[in-house]
Structures are given as C-alpha cells and as structure tokens.
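This text walks through one structure a part at a time. Please keep the sequence and the 3D view open while reading.

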Amino acid sequence: MNAKQIDQQTLLKDEKDPLTHTPVHLLSLDGVGKHYGNIIALRDVTMAVDNGRVTCVLGDNGAGKSTLIKIIAGLHQHDEGVLHVMGDERKFNSPRDALDAGIATVYQDLAVVPLMPIWRNFFLGSELTTGFGPFKSMDVQKMKDITLKELAAMGIDLRDVEQPIGQLSGGERQCVAIARAVYFGAKVLILDEPTAALGVKQSGVVLRYILQARDRGLGVIFITHNPHHAFPVGDRFLLLKRGKSIGYYDKKDITLDELTAQMAGGAELAELAHELEQLGGHTQALREVQAEVAEVAEAAYESNAKRH
Amino acid sequence: MALVTAPAPKTAADERVAKRSPLSTLMARPEVGALVGAVVLFIFFASVSGTFTQPNALATILYGSSTIGIMAVGVSLLMIGGEFDLSTGVAVISSALTASLFSWYFSMNAWVGVVIALLVSLSIGFINGWILVKTKLPSFIVTLATFLMLTGLNLALTRLIGGSVSSPSISKLDGFDSAHAVFASSISIGGVEVKITVFFWIILVAIASWVLLRTKVGNWIFAVGGDANAARAVGVPVTKTKIGLFMAVGFCGWVLGMHNLFAFDAVQSGEGVGNEFLYIIAAVIGGCLLTGGYGSAVGGAIGAFIFGMANKGIVYAQWNPDWFKFFLGLMLLLATIVNLIVKRRAELK
C-alpha cells in the first residue's frame with residue numbers, strides 16, 4: 001500500500017479543482033511506527049496529504065489515531081519509517097517545529113484557554129507586536145479587528161471578542177481554532193475528532209468548515225471514529241485498528257457501507273453477539289446485534305460484487 | 001447594584017451575545033472586589049481614627065503596604081501563571097544576607113554585594129522554576145523545600161561567616177551611603193517624607209501591568225496558568241515562561257532585600273519566615289485565582305494596600321495590635337467571598 005499509488009483523480013460532485021498541484025505530496029508518511037517502551041502504539045502507517053484534499057483517519061478508541069497525530073503535530077517523534085513534508089524528510093522535535101513547517105493542529109480539547117478572551121486565544125503563541133526592543137508591545141486593536149474579521153469569514157458573528165472563549169459553544173470554539181489555523185498560513189490542518197462531542201447540527205457546521213478549509217487550498221487530516229462524518233467530506237481514508245493500518249483507500253475505491261463495515265468490524269459485532277448468547281437472556285438485544293451482523297456482512301458483499 | 005441587574009438591550013444581533021454595560025465590564029475586572037474592600041476599609045478607619053487620614057500617617061501606611069506590595073507584584077504574576085512560591089519570605093532575607101556578608105567578608109564596595117545578591121536572587125528563582133518544570137512536582141512541594149533549605153542556610157552561613165545570628169554592620173563600607181540613598185531614602189512630597197520603596201512599588205506595578213496586558217509575554221502568562229497543555233500545543237514556550245516568572249519573583253525579593261539591608265546596616269538571619277503568606281494573601285485578596293489564569297498586578301497592589309491599612313489602622317485606632325492577625329484572616333475571607341460573588345455575577349452578565 002504505497003502512498004504514491006494514489007493519484008489525485010477524485011473530484012466530488014461540488015468540489016473545486018485544487019488551486020495548485022504540487023509535484024510532491026504536501027505531507028506523506030511511509031511505514032511510520034512508534035512504540036512506548038515495549039508497547040507498540042503504531043506500526044507501518046502509510047498515508048499522504050495533498051493540498052485541497054481531505055485525508056480521513058478512521059479508527060475506534062485505542063486504534064492509534066492520537067499517536068499518529070501527535071507524531072505529525074510534533075508532540076512525539078516516530079521511531080520507524082519516514083515522514084516527508086513537501087518531499088523533505090522531517091522529524092519534528094516540538095509543536096513549534098511542526099507549526100513552522102505549516103502543520104497546524106486543532107485538538108479534541110481545542111487547545112484554547114477557557115478563561116482568556118477570544119482575541120487573546122486567537123493569537124496565542126503568534127501575537128502581533130509593534131515597537132521594538134524592550135518596548136515591544138502587542139498590537140491589541142489590530143489583533144481584535146483581525147479576530148473579528150476572520151471569524152466573520154467563517155460565519156461566526158461575534159460582537160465582543162473580549163469575552164472569555166469558555167463562554168462559546170463547542171462548535172464555535174472549533175471554528176475559532178480552525179479559523180486561527182487558516183489565518184496563520186497552515187498548509188496542513190489536523191483536526192482531532194472535531195465532531196466527537198457535538199450534536200448533529202453542530203457537527204454539520206464543523207464539516208462545512210472542513211470543506212471551507214479544503215477549498216482554500218489546505219490539506220486536511222480529519223481524525224474521526226464516525227464514517228458517516230468522514231465519508232461525505234473525505235477524499236482518502238486511512239483505517240486504523242490496534243495501532244495498525246488495516247486499509248488505505250481512495251474515495252473511488254470504497255463506499256460508505258464498506259467503510260462502515262470495516263470500521264465497525266463485522267468480526268467484532270459477531271463476537272459481541274456470541275458473548276451475549278453465552279451470557280443467556282437478553283434475547284431482544286441479541287436479536288438486534290445479530291441482525292446488524294447480517295446487515296454489515298450483506299453490505300460488504302454487495303459492494304464487493306458491484307466492484308468486481 | 002441596581003444598574004447591574006438592568007435588562008439587556010433588546011436589539012442584539014445575536015441574542016446570545018447581549019451588549020455588556022460599561023459597569024458590568026468594569027465589574028468583570030479581577031481587582032474590583034479588592035477595590036471595594038479597600039474603600040470600605042479606608043472609610044472605616046478614617047471614621048474611627050482622626051489621625052488615619054493625616055498625610056504623615058498615609059505615608060506610613062503606604063510604606064507598610066509597599067514592603068508587602070513589592071513582593072506581591074511578583075507573586076501575583078506567578079499566581080496568574082499557575083504557580084506559587086513559599087520561599088519568598090526567606091528569599092528576601094537570603095538576598096540581604098548575601099549582599100551584607102559578601103561585601104563585609106571581602107571588605108568590598110557595598111555595590112559589589114548588591115550585584116552578587118541580585119545574581120543569587122535570580123538564581124533562587126531559576127532553580128525553583130527549573131526543578132518545577134523538570135520534575136513536574138507541584139510548586140507547593142518544590143518551594144516548600146526551597147523555603148526550608150534557605151531558612152537553614154540563612155542561619156548557618158550567617159553564623160559561619162559573621163559569627164552571630166545577625167549579619168555584621170556594613171555601614172562603614174564604601175558605597176554604603178549611595179546604596180542607602182538608592183534603596184532606603186525618603187523623598188519629600190509637599191513636606192511629607194515618602195519612603196522610596198513606595199515609588200519602587202508603583203513602578204513595579206506599572207511595569208507588571210503593562211507586561212501582563214500589553215505584551216505577548218503577558219499573554220503567555222495567562223495561558224500557562226489557564227491551561228499549560230493548550231498553551232504548549234499552540235507554541236507558547238511554557239517552560240521559559242514559568243522559569244521567567246520565578247525569576248521575576250526573585251527580582252522583587254532582591255529589591256525588598258536591599259531595602260531591608262540598607263534601611264539599617266544589618267539583617268537578622270532568622271527573619272522573613274511567614275512573610276511568604278502575606279504576599280500570597282495580598283495576591284489572593286487582589287483577585288488572583290489560586291488555580292491560575294486570572295488576576296492582575298493592580299489587584300495584588302490593592303491587596304497589599306488593604307494589608308497596610310489594616311496593619312497601621314489598628315495602631316492609629318489605638319486598639320491592641322494583637323487583633324491584627326484576626327483582622328487579616330477576616331479580610332482574606334471577606335475579600336475572597338466578594339471576589340467570588342463579583343466574578344460570578346460578571347460572568348452571568
């Protein structure tokens with residue numbers, strides 16, 4: 001499963017052609033692995049990110065999604081395989097390193113400081129300054145104006161960028177974090193489970209921001225455990241399970257049902273059914289799980305048949 | 001309070017973000033609770049004591065406040081940055097002892113001792129911060145250990161070098177008079193002698209406020225106290241910020257230590273124990289959140305002023321000074337409760 005095998009053919013129905021095509025991948029991983037002591041957290045992961053494309057990383061809890069993004073974001077270093085940024089082999093020593101290489105991460109816990117005003121959060125770590133030497137101070141008015149403008153561009157209308165960011169809703173905070181990454185010239189945007197804690201409507205809003213970021217030419221890595229969120233926006237799908245890649249697909253090669261089947265793992269569902277059976281009782285629950293096993297198997301079979 | 005509960009404007013673009021009234025914006029400032037407390041206390045002492053509002057008495061109160069306030073500046077910043085320091089009380093004395101013992105033992109110019117003391121004070125701060133970020137132990141443990149070690153070192157080294165519990169007099173040394181003029185003189189304003197520490201205090205508060213509100217380092221201080229992991233993830237140098245804060249506390253300790261030394265000509269090696277709590281109390285009364293991420297330098301200054309008023313006010317009111325500690329405890333409790341109420345009310349608005 002080589003990252004280079006996948007070309008940039010797929011265009012979604014309403015997708016714009018990427019503004020620029022780079023001859024090399026924006027970011028690519030080849031056989032990347034990581035272990036903590038004797039625990040193998042991740043092994044042999046191969047994937048690529050291009051501008052104007054969304055690469056989805058799917059997997060259940062403990063599949064190694066967090067480890068993967070921590071490597072790309074510079075919080076951890078991989079100890080196997082290679083990571084290329086624009087064709088150059090890299091190993092990030094700190095989040096600052098990754099940021100300087102144009103890789104911005106929006107974390108699950110959002111990396112915002114709840115008690116601080118929105119504009120201070122927006123520019124945290126990259127403050128604008130005026131003056132020089134020891135008299136360098138923050139350009140507060142400019143920072144407030146830009147925050148207001150950038151958030152308006154993302155569709156959030158705020159009157160008061162002075163309010164603590166903790167007062168915003170989960171979806172709005174995601175949006176601030178995404179707008180921040182876009183503003184600071186990120187080339188690659190990593191989104192760590194942005195829809196995990198959100199309701200249906202808020203999730204839809206966040207998915208729209210993902211597409212907006214993509215249309216602005218960013219390469220997006222979208223981490224999620226929900227294939228229904230990943231499939232509509234993704235161009236490529238990397239499936240992880242127990243720290244290993246179990247599949248890397250281009251959108252044209254896979255359907256939502258197949259993705260779901262792979263994700264939910266027909267095998268796991270069967271196991272669950274078996275365990276329920278052994279416990280005895282709970283006939284209603286057992287019947288439901290068995291029905292689902294059959295459904296998943298059928299879907300996988302059908303789409304296989306369609307392709308071959 | 002009537003204005004605070006006034007109805008929100010009806011024509012808001014987003015119904016969830018109603019425009020705040022200027023008053024509720026003011027009420028959301030961290031130091032407002034302390035300011036209200038300070039005004040109440042001032043009126044109270046002014047009404048029970050005729051001498052309390054005399055210019056000379058005010059200068060004395062300001063001097064008392066400044067000896068707490070200088071340290072409260074550093075301690076407030078550190079508390080906003082999410083840490084606190086129990087070694088500050090004895091670190092002040094360590095600084096003073098270093099200056100006096102060094103210049104006395106080598107019979108050098110007093111200014112040499114002053115510079116060495118600055119280096120020692122900054123080093124104490126650096127070591128506190130460095131151990132903290134390397135071991136990730138709570139600052140309570142790290143600085144408690146420093147507190148005990150410095151207490152011991154102060155006593156042992158003073159006896160070893162000077163042969164007494166008090167450092168030897170350095171008033172005969174070269175440079176003593178100029179150092180005295182810089183660190184311990186008085187400036188006459190309209191016939192009232194105001195101690196120079198009051199001006200140090202005001203300058204330090206002004207610098208700290210500017211740093212906190214108008215520089216990126218200030219942004220980092222709020223961030224490392226509010227959520228260190230989030231701050232690190234967006235590229236804030238958390239380690240440097242925390243170590244820098246401990247060194248700023250060290251610097252404040254040096255300023256106060258030099259005053260303690262040059263106001264007289266010797267220092268008692270056992271002094272300073274317990275003062276660290278006064279600085280922390282001043283910061284907390286001033287609205288700094290113990291858990292970090294919220295507060296102001298001005299708040300710490302108001303906290304120190306409340307302390308100074310209570311301390312001297314009891315004397316001017318001709319009460320028994322035994323009551324002072326009780327009074328301080330009560331002030332701390334009331335101020336923090338007022339802060340809590342004001343903050344909740346402001347956040348609801």
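The expected span of a helix is 1.5 Å times one less than its number of residues. The model shown here is predicted, and this rule can be applied to one of its helices. Helix α4 of chain B covers residues 88-105, which is 18 residues. By the rule, α4(B) should span 26 Å, and its end C-alpha atoms are 25 Å apart, so the expected and computed values agree.

The surroundings of α4(B) can be described as well. Of its 18 residues, 17 are buried, so that the helix is mostly covered; a residue counts as buried if 20 or more other C-beta atoms lie within 10 Å of its own. Just after α4(B) comes B:Ser107, where phi is positive, at about 50 degrees.

The rest of chain B gives the setting for this helix. Chain B contains 14 helices and two strands. The chain has 349 residues, and buried residues make up 50% of them. Among the contacts in chain B with a separation of 6 or more, 77% are between residues 24 or more positions apart.

Chain B also touches chain A. The contact takes 22 residues from chain B and 25 residues from chain A. On the side of chain A that touches chain B, two elements each supply at least two residues: α2 (95-100) and β8 (137-138) of chain A. The largest share comes from α2(A), with three residues. By character, the residues on this side of chain A divide into 13 nonpolar, seven charged and five polar.

Chain A also has residues other than glycine with a positive phi, including A:Met86 and A:Glu193. For A:Met86, phi is near 50 degrees. This residue is found in the loop between β4 (80-85) and β5 (88-90) of chain A. Is A:Met86 buried or partly exposed? It has 15 C-beta neighbours inside 10 Å and therefore counts as partly exposed.

For A:Glu193, phi is near 45 degrees. The loop that holds A:Glu193 runs between β9 (188-192) and α6 (200-215) of chain A. A:Glu193 counts as buried because it has 20 C-beta neighbours inside 10 Å, and 20 is the number at which a residue is called buried.

Note on methods. Residues numbered from 1 in each chain as written. Chains lettered and ligands numbered in written order. Predicted model: local features only at pLDDT ≥ 70, side-chain atom pairs only at ≥ 80, totals over all residues. Helix = DSSP H or I, 4+ residues; strand = E, 2+ residues; numbered from the N terminus. Buried ≥ 20, exposed ≤ 12 C-beta atoms within 10 Å, placed from the backbone. Contact = placed C-beta atoms within 7 Å. Nonpolar A, V, L, I, M, F, W, Y, C, P; charged D, E, K, R; others polar.
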